[in-house]
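Colleague: I haven't seen this one before. Could you pull it up and walk me through it?

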Amino acid sequence: MRNWSWHVFLMELRTLIAYRSDFWVNFIGQTFFSILIAYFLWKSIFTSNQVEVMQGFTIQGMVFYYLMAPLIFRIQQGKGIGFISREIYDGNLNKYLLYPINVFRYKIMVYLAHSSFFLVQLFIILFLYQSFFYNTHIYQFSFVNILYFISIVLMACLTFFYLFSSVEFMAFWHDNIWSLGVILRFFTSFLGGALIPLKFFPEWAQTLVSFTPFPYLIDFPMQALLGNLSFYDFIQKIGITLLWLLAFRFLAIFVWNRGKFVYTGVGI
Amino acid sequence: MMRYLRLYLHFVRFSFSKAMEFRIDFFFRVVMDLFFYVTQFLFFNIIYLHTPLLAGWNLEQMSLFIASFIFIDALHMTIFATNAWWFPIAINRGNLDYYLTKPVSSFFFISLKEFAANSMINLILASGLLTYFLCNYSGGLDPGRLSLYFIFLLNGTVLYFMVHIIFLMTVFWTQSPQGFADVFYAAEKVFQRPDKIFTGYVRRFFVYVLPFSIMASYPVRILFEKNISTLVLEILVPSCFIYLVVFFVWKKGLRNYSSASS
């Protein structure tokens, strides 16, 4: 990794932690409400069915799932919608084209800085959970699982980065494409399992979803964290994620190469 | 009053010409909201694959509830959402000066200036969905209760915006509203869940303090339940409380506002 890439990463992190109160309000508030809503919704379902386990989840397991899934989702989202399209729209992309830097590498470092920020939030919550609500049936700390998790998350982040970039580059042709980013977000959240665990989907839907990249972005890291992956599963699924990553990288570079020739650099 | 109405019609006209500038975005916004609606129906339909009842409601009643909060969402997206989006930016950049110097209420200006023409298509779709579920409801609906239900859905839309504004108004003091805005987006999911899933203090909190439960869930309960006087009271009291809080915090915030780069 070249030196400037590391500087970009650190500078973005510094910008992120400049608003510390935002960090804590966001962190505590989001975690609190996500858990609260998930707990009451699923408690109501478990009570109404008079069961203790549904699709392999206990109510505590479900709470843990909803504690982690939104955070994994946010790790994938990186800087969020508009991280390239807004600069195309404003004409700010000019600076990246003039400087002797690789635009993709620059954007990846910025993106990963945001992802790391949310990864830290996830580890803080995991640490607190481990310290106060430790339950071996739901989550058991293991270096191997954490190692699996980090490598999967990194791979999933890069996959989503390239997928997201391909959509953001549409701004070369259509100026304002914010809504396209939101559509991609709906897909990722729902088909990735952030909204409801994929195990609750009907069998045919689970099979269908497994042919898309979305389960590899949220459900796969989640399974690694829960320790549900054997070494064979890990190798098999990370191989599939790698294929998706290469496919989206190819797509993003293709769209970029087409798009930069229609870019006027004038902005609004 | 007529002056405000005329002004609002101008806002709507400008918004339509602005929306037509970005036709592709116009189209994708319609698709985006459609995806949101489909996701909501799928979410609850998947849940109902594993349970016959949720919060005492069967799938038919739940579908009516989903259509109700989708209607509120569409109405909010059309009238208020863009204004809420620009609200903290206007304060941060000092653009509020522009509204303060006009001979109309600055709150009226900042809340209603941006009308989302593209979301209006979705409002038509959401209204169609709601009509479909109301017409096909097998239990039969009383016209009097139906009128109350619609009045409280409109109240729910305004209330949703007001609660959002309370979170955003923190920008007057914190300079960046991002943290609080994100908390709002995490908390607002409560309005997309039936209130009866919550119990104890949490339930009271979502009725009286952050009244997300009274926005869509309570109006739907008015259609199904026998005794509605308590429900009506529980909608009116927190609503008035929130409107007063917004009025009070807005006044305080303006006193704290120091123009550009506030």
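Colleague: Let's take chain A. How many helices and how many strands does chain A have?

Modeller: Chain A has 12 helices and 0 strands. Keep in mind that this is a predicted model. From the N terminus on, the elements simply run α-α-α-α-α-α-α-α-α-α-α-α.

Colleague: And what radius of gyration does chain A have?

Modeller: The radius of gyration of chain A is 20 Å, which agrees with the value near 18 Å for a compact globule of 268 residues. Along the principal axes, its C-alpha atoms fill a box of roughly 60 × 45 × 35 Å.

Colleague: OK, what percentage of the residues in chain A are buried?

Modeller: Buried residues make up 40% of the 268 in chain A. As for the contacts in chain A with a separation of 6 or more, 82% of them are between residues 24 or more positions apart.

Colleague: Let's pick a helix. What span should α6 of chain A have?

Modeller: Helix α6 of chain A covers residues 103–132, so at 1.5 Å a residue its 30 residues should span 44 Å. The end C-alpha atoms are 44 Å apart, which agrees. If you're checking that by hand, the expected span is 1.5 Å times one less than the number of residues.

Colleague: Which residues of α6(A) are buried?

Modeller: Among them are Lys107(A), Tyr111(A), His114(A), Phe118(A) and Leu122(A). The buried residues of α6(A) pack against α1 (3–16), α3 (59–77) and α7 (143–168) of chain A.

Colleague: Talking of α1, is Arg14(A) buried or exposed?

Modeller: Arg14(A), which lies in helix α1 of chain A, counts as exposed because it has 10 C-beta neighbours inside 10 Å. Arg14(A) is 99 residues from Ala113(A) in sequence, and their C-alpha atoms are 9.4 Å apart in space. Ala113(A) is one of the buried residues of α6(A).

Colleague: Now chain B. How far does α6 of chain B reach?

Modeller: Helix α6 of chain B has 19 residues, 117–135, and reaches 27 Å from its first C-alpha to its last. That is close to the 27 Å expected at 1.5 Å a residue. Its buried residues include Asn118(B), Met120(B), Leu123(B) and Leu130(B), and what covers the buried residues of α6(B) includes α1 (2–21), α2 and α3 of chain B.

Colleague: How many residues does each chain put into the contact?

Modeller: The contact takes 34 residues from chain B and 33 residues from chain A. On the chain B side, α2 (23–48) and α9 (178–187) each supply at least two residues. The largest share there, 12 residues, comes from α2(B). By class, that side has 22 nonpolar, 7 polar and 5 charged residues.

Colleague: What about the largest nonpolar core, which residues touch the most other members?

Modeller: Those are Met68(A), Ala69(A), Ile152(A), Ala156(A) and Phe71(B), out of 137 residues in that core. Its largest share, 17 residues, comes from helix α3 of chain B, residues 59–93. In soluble globular proteins, nonpolar side chains tend to be buried together.

Colleague: What is Met68(A) in contact with?

Modeller: Leaving aside neighbours within four places in sequence, Met68(A) is in contact with Leu122(A), Met222(A) and Leu225(A). Leu122(A) came up earlier, as one of the buried residues in α6(A).

Colleague: Switching topic, which residue in the loop between α2 and α3 of chain A should I look at?

Modeller: Try Gln55(A), which is found in that loop. Gln55(A) has a positive phi of about 50° although it is not a glycine. Most residues other than glycine have a negative phi.

Colleague: And where does Ala55(B) lie?

Modeller: Ala55(B) lies in the loop between α2 and α3 of chain B, and its phi is near 55°, a positive value in a residue other than glycine. Gln55(A) is exposed because 12 other C-beta atoms are within 10 Å, while Ala55(B) is buried because it has 20.

Colleague: One last residue. What does Ser217(B) touch?

Modeller: Not counting residues up to four places away in sequence, Ser217(B) touches Phe65(B), Pro194(B) and Asp195(B). Ser217(B) is found in helix α11 of chain B, residues 217–224, and is buried, with 27 other C-beta atoms within 10 Å. Between Ser217(B) and Gly253(B) there are 31 Å in space, C-alpha to C-alpha, and the two are 36 residues apart in sequence.

Key:
Residues are numbered from 1 along each chain as its sequence is written. Chains are lettered from A and ligands numbered from 1 in the order in which they are written. This is a predicted model: local features need pLDDT of at least 70, side-chain atom pairs count only at pLDDT 80 or more; totals for chains, interfaces and linings use all residues. Two residues are in contact if their C-beta atoms, placed from the backbone, lie within 7 Å. Helices (H or I, at least four residues) and strands (E, at least two) are DSSP runs, numbered from the N terminus. Ala, Val, Leu, Ile, Met, Phe, Trp, Tyr, Cys and Pro count as nonpolar, Asp, Glu, Lys and Arg as charged, and the others, Gly among them, as polar. A nonpolar core is a set of buried Ala, Val, Leu, Ile, Met, Phe, Trp, Tyr and Cys residues joined through C-beta atoms within 7 Å. The radius of gyration is taken over C-alpha atoms; the globule rule is 2.2 Å times the number of residues to the power 0.38.
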